[in-house]
Amino acid sequence: MLSQAMIDRLNEQINLEMYSSHLYLQMSSWCAYKALEGCATFLSQHADEEMMHMRRLLNYLHETGALAVIGGMQAPPHYFSSLTELFEQIYEHEQSITRKINDLVHLANTEPDYSTLQFLQWYVAEQHQEEFLFKGILDKINLIGTEGQGIFFIDREVSNMAANKGKEATAMTAAQ
Ligand code: OFO
């Protein structure tokens, strides 16, 4: 049984994860428009992952007998001045999501709500991985640069990351 404050915050997080998915899908579309197919595929995969984050929360609310409420969604930005700016925005966005997860953990800890505290550990680990992932891409962009052929090499690097993610997903499905 969850407190109303916890239900409200988990619902807020559901909508944040859905917004993350819309944001990455829109960014994927911008990349495809700019002929950056590797980045487009990678971000499209990431949009699907965000929907999975959303569904985990939704199922948790269902399991605890609470009502999930899907709110209105603000449109994500659709113009980016450069690929660097786009990935900088992602990194900032993921840091803001980490702060929201930390707030949730704090609430679960102070109520206390040990079931939700346990459930949230997956998100704590996931946010660490996501920040690491996007910081890594930004580091590559800064190292290689986007001038001349640089952008081609960055897109190829990100394309390899998308292919590896695809293989991981196939292996996980086969193991189930
Ligand atoms: Fe990008 O991890 Fe969920 O939001």
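1. Let me start with helix H5 of this predicted model. Its buried residues are Gly150, Ile154, Asp155, Val158, Ala162 and Lys165. An α-helix has 3.6 residues a turn, so residues three or four places apart point the same way. That is a handy thought to keep while you look along the helix. The partners of this buried set are three other helices: H2 (37-63), H3 (83-110) and H4 (114-144).

2. The length of H5 is worth a quick check too. The helix covers residues 150-175, 26 residues in total, and at 1.5 Å a residue the expected span is 38 Å. The C-alpha atoms at its two ends lie 38 Å apart, so expectation and model agree.

3. Next, the largest pocket, which holds about 700 Å³ of space. Its lining comprises 22 residues, and Glu49, Lys165, Glu168, Ala169 and Met172 are the closest to the centre. Helices H2, H4 and H5 are the elements that each supply two or more lining residues. By character, the lining divides into seven nonpolar, eight polar and seven charged residues. Lys165 is worth a second look, as this residue is listed among the buried positions of H5 and also among those closest to the pocket centre.

4. On the cysteines: how many disulfides does a search of the whole structure find? The count is zero. Cysteine 31 takes part in no disulfide, and the nearest cysteine sulfur, 4.9 Å away, belongs to cysteine 39. Seen from the other side, the sulfur of cysteine 39 has cysteine 31 as its closest cysteine partner, but 4.9 Å is too far for a bond, because a disulfide needs the two sulfur atoms within 2.5 Å. Cysteine 31 counts as buried because its relative accessibility is 0%, and cysteine 39 is likewise buried at 0%.

5. Two backbone details in loops deserve your attention. Glutamate 111 and proline 112 are joined by a cis peptide bond, with omega about -10°. Proline 112 sits in the loop between H3 and H4. The other detail is alanine 35, which is not a glycine yet has a positive phi of about 65°. This alanine belongs to the loop between helix H1 (4-33) and H2. Is alanine 35 buried or exposed? With a relative accessible area of 56%, alanine 35 is exposed, since the cut-off for that label is over 50%.

6. Histidine 93 is a residue to display with its surroundings. The residue is part of helix H3 and counts as buried, its relative accessibility being 12%. Which residues does histidine 93 contact, once neighbours within four places in sequence are left aside? They are Tyr19, Ser20, Leu23 and Tyr24.

7. Finally, please look at glutamate 50, in helix H2. This glutamate is buried, with a relative accessible area of 1%. Leaving aside neighbours within four places in sequence, its contacts are Glu17, Ser20, Ser21, Tyr24, Glu94 and Glu130. One of these, tyrosine 24, is 26 residues away along the chain, while the two C-alpha atoms are separated by 8.7 Å. Ser20 and Tyr24 appear in the contacts of glutamate 50 and also in those of histidine 93, which makes a good view for showing both residues together.

How values were computed:
Residues numbered from 1 in each chain as written. Predicted model: local features only at pLDDT ≥ 70, side-chain atom pairs only at ≥ 80, totals over all residues. Heavy atoms only, no water. Helix = DSSP H or I, 4+ residues; strand = E, 2+ residues; numbered from the N terminus. Expected span 1.5 Å × (residues − 1). Buried < 20%, exposed > 50% of the residue type's maximum accessible area, 1.4 Å probe, protein only. Contact = heavy atoms within 4.5 Å. 1 Å grid on protein atoms, 1.4 Å probe; cavity = no way out; pocket = protein on both sides within 12 Å on 5 of 7 lines; lining within 4 Å. Points joined across faces, edges and corners; volume = space filled by probe spheres on them. Nonpolar A, V, L, I, M, F, W, Y, C, P; charged D, E, K, R; others polar.
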